[in-house]
Every structure is written in C-alpha cells, then in structure tokens.
Amino acid sequence: MSWVGLTDHQDGRFSRSGLDLDHTEANLPKRLECGTFMFETHVPGQIRPHDLFGITHHSPWPRALMFSALPGGGVAMVHRHKDDLIHSALKWSGDGRAYTLRVTYSWDTRINWGRLALEKPEGGQTVTNSVHVAHPQLTEDARDLMLCMAERTLSRDVVFAGLSTKITPIGPMPTLHPATPIATPGGYKDAGRLQRGDTVITDTGAIVPVLNAVRNRVPARGSFAPVHLRAPYFGLTQDIIVAPEQRLVLRGSEVEYMFGQEAVLVPARHVVNGYAATWAASGALVDYVQVVLPGHEVLIAAGCAVESLYIGRIRRDEPRLAASVLQDAPSRLLPEHAKPYHQVLRPFEAITLLDQRAA
C-alpha cells in the first residue's frame with residue numbers, strides 16, 4: 001500500500017486500501033507509524049506568515065499538525081500530540097519572485113525518525129531538516145485532512161496535498177510514462193521495460209548503456225500532472241505522455257536565430273498550448289520512469305529528443321542519495337553529470353519559440 005489520500009480545492013479522496021485499488025478489504029491501523037505528507041504550494045514574491053495546510057482537533061485530546069509559510073521564505077511544521085510538541089522549520093532563500101515549492105514530511109516512529117524537506121519541482125536545490133522522536137499520525141485525522149473536513153486548513157496557495165503510507169523519495173524524479181517508446185539498437189522499446197545493461201540510441205546516433213532505471217508512483221496533480229505531447233509536433237511519430245518537468249531538446253533554424261545556440265531545453269509544462277501539448281486526463285495517481293545514462297545523454301522518445309535523468313553529483317552525497325529514487329543503487333555504479341549543455345528556456349521564451357515555429 002502507498003498513496004491513500006489526495007486532496008485539493010475541488011475534491012478530496014481517502015481510501016484505506018489505497019487510491020489505486022477498487023476493493024476495500026485492506027484496512028489501515030488506527031495509527032500510521034510510517035508515512036509521508038506531501039503538498040505543493042505557490043510561494044508569492046512577498047512572503048507573509050500564514051498557515052498553509054493542516055488540521056486541529058480538541059477531542060478526545062488536543063492534537064494538531066500544521067504547516068505554515070515563514071516570512072522571508074520557508075516552511076515551519078508543528079505537530080502536537082497531547083502535551084508533546086514537535087517543531088521543525090526550513091528557510092528557503094528565494095529571489096523575490098513567485099515560484100512553487102514541494103513540501104515533504106516523512107516519518108517512521110519505529111526508528112524515531114522524521115524528515116521535513118523543501119524542493120523546487122523543476123529541480124535544483126533541496127533543503128532538509130531532521131525531525132527527532134516523530135509522532136505517529138492518527139488515521140482518523142489523516143482522513144479528515146484529505147476529505148475537506150471543517151477542522152482542516154488548506155490555503156489558496158496550496159495546489160494539492162497527498163498522503164502515503166511509505167517514505168517517498170525526494171530529489172531527481174522520473175518523468176516518462178512507462179509506455180513511452182525509446183529508441184534502442186533493436187528498435188523502439190517501452191521505457192518501462194528498460195533496465196540496467198540495456199542500450200539505447202542517443203540523438204547523436206551513439207549507442208550507450210543504461211546504468212540504472214527508476215520508477216515512481218505519484219499523485220497526478222501539480223508538478224506531476226501528466227502532459228500529452230501530440231504528434232507530429234516536436235518530431236513525434238506518435239503521441240506520448242510525460243511529466244511537466246520532462247525537458248525536450250529542440251533544434252532548428254528558429255532556435256539558432258532566436259537563441260544563438262544549436263539546441264535548447266524546454267520543460268514540457270512550458271509548451272502546453274492546447275494543440276501541440278495539452279494536460280492529459282488522468283486518475284488519482286500516475287507512474288513515471290526514467291533511465292540514468294553515463295553522460296546524461298539525450299534519448300529519442302517516439303522521434304522526439306528528450307533528456308535522460310539528470311543526477312548531478314548525487315553519488316558524492318550519501319544522505320541525498322539514500323533519500324532519492326536511486327537509494328538502492330550502489331554509489332560506485334553511478335555516473336557524475338555536469339551541468340546541462342544547453343540553455344533551459346523560460347516560459348515566455350518557450351511560448352515565443354513555439355509561436356515562431358507555428359508561423
């Protein structure tokens with residue numbers, strides 16, 4: 001069992017058997033000794049202190065879980081259980097512009113462990129803070145939090161929130177739908193079938209080995225909401241589904257003219273325009289996969305050039321590696337990736353480029 005709750009401003013879901021199952025035979029214990037609360041929130045340019053997400057109960061004993069925005073940037077968490085109070089806070093040094101943060105609080109009371117993490121969905125800096133002697137979550141309270149009960153708080157800045165019964169990873173995330181066809185020496189192969197030891201064909205025609213393949217199931221909301229890329233745009237021979245943060249590699253005379261470079265990187269979320277790319281219909285959860293290549297080479301997905309998983313120098317950071325989707329990969333078998341070779345377009349640049357190509 002993993003994801004059991006999902007909520008936003010339109011709907012709330014909670015299933016004791018898991019959101020991806022239809023039956024109800026399975027049952028959660030009264031207390032969740034292990035799990036994760038995840039939510040994404042828009043952070044305005046001018047931060048003011050306010051409650052973001054949480055719930056408060058006074059009967060049969062006082063208890064509360066609340067996440068709040070901090071002035072100057074950052075998030076604080078307070079978890080009260082009777083007379084015991086746990087507090088954790090993380091500062092985020094923003095640049096004064098509006099952006100989105102993913103907040104992840106995971107706990108495992110069996111080993112007296114907890115972790116509060118902040119990260120930008122589009123990648124980059126991740127900050128974490130340990131939470132010692134974490135309290136369990138009452139299943140009743142978690143249900144009320146997901147089902148929009150009166151006792152809960154859900155700020156308008158919050159995009160969605162989810163509850164998992166497992167410790168969910170942070171850091172680099174897979175971004176391809178498992179059915180995405182990837183070019184290999186033996187022909188196209190579904191991304192979900194690739195594994196360590198397979199080989200793929202890059203956009204330069206080189207054949208490189210797959211060093212690792214990762215998969216993750218996440219709420220199909222916010223920065224995980226699937227994007228439908230439509231053929232024949234972007235060189236596609238068929239439609240594919242990707243995560244919003246999957247970056248496409250675009251080339252052509254327009255790219256060279258507008259940006260003075262051979263190629264640029266464009267996150268899929270920047271190209272959603274109603275015809276070349278749209279938001280895909282989805283259930284509560286979505287699976288994504290990706291592969292790690294030796295030099296962060298570019299994959300060919302149904303004719304479209306897309307980035308493989310960028311992991312930077314995560315192999316040198318043992319705690320960060322242990323918290324990621326690569327936690328089971330021996331560090332000695334992982335590569336180190338330099339910064340991406342190409343410029344990453346901002347939203348208005350991507351829109352301008354697509355308009356120029358459509359003209």
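In the predicted model, strands β20 and β21 run antiparallel and are joined by three bridges, with His-228 standing opposite Ile-241 in β21. These two strands belong to an open sheet of three strands, ordered β21-β20-β24, in which the pairing is antiparallel. The edges of this sheet are held by β21 and β24 (277-279), each of which has a single partner strand, so that one side of each is left without a neighbour in the sheet. On average, and with direction ignored, neighbouring strands of this sheet are turned by 30° against each other. The loop between β20 (227-229) and β21 (240-242) contains Pro-232, and the peptide bond that joins Ala-231 and Pro-232 is cis, with an omega of about 10°.

A second sheet, also described as open, is formed by seven strands in the order β2-β1-β14-β4-β9-β10-β11, again with antiparallel pairing. Its edge strands are β2 (12-14) and β11 (126-130), each of which pairs on one side only, and the twist from one strand to the next averages 15°. Helix α1, comprising residues 139-146, packs on this sheet and touches β1 (3-7), β2, β4 (34-43) and β14 (158-164), while the direction of the helix makes about 150° with that of β2. At the β11 edge, strand β10 (residues 113-119) pairs with β11 in the antiparallel sense over five bridges, and Glu-119 is found opposite Thr-126 in β11.

Considered as a whole, the protein contains four helices and 28 strands. Its C-alpha atoms fill a box of roughly 65 × 45 × 40 Å, taken along the principal axes. For 359 residues, a compact globule would be expected to have a radius of gyration near 21 Å, and the value of 21 Å for the protein therefore agrees with that expectation.

The largest pocket encloses about 1400 Å³ of space. It is lined by 46 residues, of which Pro-121, Glu-122, Gly-123, Glu-245 and Arg-269 are the closest to its centre. Two strands of the seven-stranded sheet, β4 and β9 (99-108), each supply at least two residues of this lining, and β9 gives the most, with three residues. By residue class, the lining of the largest pocket divides into 17 nonpolar, 15 polar and 14 charged residues.

A search of the whole structure for enclosed space finds three cavities of 30 Å³ or more, and the largest cavity has a volume of about 110 Å³. Of the 14 residues that line the largest cavity, Leu-65, His-79, Gln-137, Leu-138 and Asp-141 lie nearest its centre. The lining draws at least two residues from each of β6 (63-69), β7 (74-81), β12 (137-138) and α1, the last being the helix that packs on the seven-stranded sheet. In terms of residue class, eight of the residues lining the largest cavity are nonpolar, three are polar and three are charged.

Strand β7, which contributes to the lining of the largest cavity, is followed by a loop leading to β8 (84-91), and Lys-82 is placed in this loop. The phi of Lys-82 is near 60°, a positive value in a residue other than glycine. Most residues other than glycine have a negative phi, and most peptide bonds are trans. Against this background, two local features of the backbone can be noted, namely the positive phi of Lys-82 and the cis peptide bond between Ala-231 and Pro-232.

Notes:
Residues numbered from 1 in each chain as written. Predicted model: local features only at pLDDT ≥ 70, side-chain atom pairs only at ≥ 80, totals over all residues. Heavy atoms only, no water. Pairing = 2+ DSSP bridges. Axes fitted to C-alpha atoms, helices over the stretch in contact; angles between N-to-C directions. Contact = heavy atoms within 4.5 Å. 1 Å grid on protein atoms, 1.4 Å probe; cavity = no way out; pocket = protein on both sides within 12 Å on 5 of 7 lines; lining within 4 Å. Points joined across faces, edges and corners; volume = space filled by probe spheres on them. Nonpolar A, V, L, I, M, F, W, Y, C, P; charged D, E, K, R; others polar. Rg over C-alpha atoms; globule rule 2.2 N^0.38 Å.
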